[in-house]
Amino acid sequence: MWHRSEYPGAEVVEQCAKRLIAANFPPNDATAFIGGVCEWGRGNRNFSRIRDAGDTTIAQSLRSATEAIDAGDVTRSIEELQRLPHLGLSFASKVARFLAPDKCVVLDSVIRNRIGYVESEEGYSEFLQDCFQLLQTLRTSPDLEAPLRDRLRVCDVEAAVFIKARDQKNVSP
């Protein structure tokens, strides 16, 4: 959970997502949420171009993505989010991760380039499955204290993989 200290603000963005979903995606709040994800992911440069889609379109995209996640189709949620202008796979997966941190992961260039997942919905799906398998292994490990095992989410596993991939000094990006 060290990742949370190095990338602060995740809890705030997660709470914004919960409020956004509970309020049924008010357009202004939807755009502000995307802005929060871009700021957290250090992609502020993309926000103005995404914002050009308009508040209503952004809200509808987030609603559709959440419906796909709730239906068990996380990959379709990524497709829905990528319909927004200038929202590529990396940031679409960041948005999905905040909408449902217990069901979604981030697939960014660090993981793609250093581990070898393809930049596609299929690559995302493969990485998501791998993270869920790691999560299951961790949840059954006698080496972790029960309270920690119970609190782990798939996004926490992805964050650990990200840190490990990022810190590999002998692997070229």
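Buried means under 20% relative accessible area, exposed means over 50%, and partly exposed covers what is in between. Keep these cut-offs at hand for the exercises below, which explore a predicted model.

**Exercise 1. Classify L138 as buried, partly exposed or exposed, and describe its surroundings.**

*Solution.* Start by finding the residue: L138 is part of helix α9. Next, take its relative accessibility, which is 32%. Because this value falls between the two cut-offs, L138 counts as partly exposed. Now look at the partners. Setting aside neighbours within four places in sequence, L138 is in contact with L144, R149, L152 and V157. Finally, compare L138 with D150: they are 12 residues apart along the chain, and their C-alpha atoms are separated by 9.7 Å.

**Exercise 2. Describe the overall make-up of the protein chain, and decide whether its radius of gyration agrees with that of a compact globule.**

*Solution.* First, list the secondary structure. The protein chain has 11 helices and zero strands, so you will meet only α labels as you follow the elements from the N terminus on. Second, check the radius of gyration. A compact globule with 173 residues would have a value near 16 Å, and the protein chain has 16 Å, which agrees. Third, look at the extent: along its principal axes the C-alpha trace spans about 45 × 35 × 30 Å. Fourth, consider burial, where 47% of the 173 residues count as buried. Last, turn to the contacts between residues at least 6 apart in sequence: 60% of them join residues at least 24 apart.

**Exercise 3. Explain why helix α6 is described as largely enclosed.**

*Solution.* Begin with the count. Helix α6 covers residues 74-81, and six of its eight residues are buried, so the rest of the structure largely encloses this helix. Then name the buried residues: they are V74, T75, S77, I78, E80 and L81. To see what does the covering, look at the surrounding helices, which include α5 (55-70), α7 (89-99) and α9 (121-139).

**Exercise 4. Find the largest nonpolar core and the residues with the most contacts inside it.**

*Solution.* A general idea helps here: in soluble globular proteins, nonpolar side chains tend to be buried together. In this model, the largest nonpolar core has 47 residues, and F33, L62 and Y124 have the most contacts inside it. Several helices give two or more residues to this core, among them α2 (10-22), α3 (27-40), α4 (44-51) and α11 (154-166). The biggest contribution comes from α7, with seven residues. Now zoom in on L62. Not counting residues up to four places away in sequence, L62 touches L20, F25, A30, F33, I34, L81, V95 and L99.

**Exercise 5. Two residues, F25 and H86, have a positive phi without being glycine. Where does each one lie, and is each buried or partly exposed?**

*Solution.* Take F25 to begin with. Its phi is near 60°, and F25 sits in the loop between α2 and α3. With a relative accessible area of 4%, F25 is buried. Now take H86. Its phi is about 65°, and H86 belongs to the loop between α6 and α7. At 47% relative accessibility, H86 counts as partly exposed.

**Exercise 6. Describe the surface and the charges of the protein chain.**

*Solution.* For the surface, the accessible area comes to about 8900 Å², and 49% of it belongs to carbon and sulfur atoms. For the charges, there are 22 positive and 25 negative ones, and their mean positions are 4 Å apart.

Technical notes: Residues are numbered from 1 along each chain as its sequence is written. This is a predicted model: local features need pLDDT of at least 70, side-chain atom pairs count only at pLDDT 80 or more; totals for chains, interfaces and linings use all residues. Side-chain values use heavy atoms; hydrogens and water are left out. Helices (H or I, at least four residues) and strands (E, at least two) are DSSP runs, numbered from the N terminus. The radius of gyration is taken over C-alpha atoms; the globule rule is 2.2 Å times the number of residues to the power 0.38. Buried means under 20% relative accessible area, exposed over 50%, partly exposed in between (1.4 Å probe, protein chains only). Contact means heavy atoms within 4.5 Å. Accessible areas come from the Shrake-Rupley method with a 1.4 Å probe; for residues, only the protein chains shown count as cover. Lys and Arg count as positive and Asp and Glu as negative; His and the chain ends are not counted. The place of a charge is taken as NZ of Lys, CZ of Arg, CG of Asp or CD of Glu. A nonpolar core is a set of buried Ala, Val, Leu, Ile, Met, Phe, Trp, Tyr and Cys residues joined through side-chain atoms within 4.5 Å.
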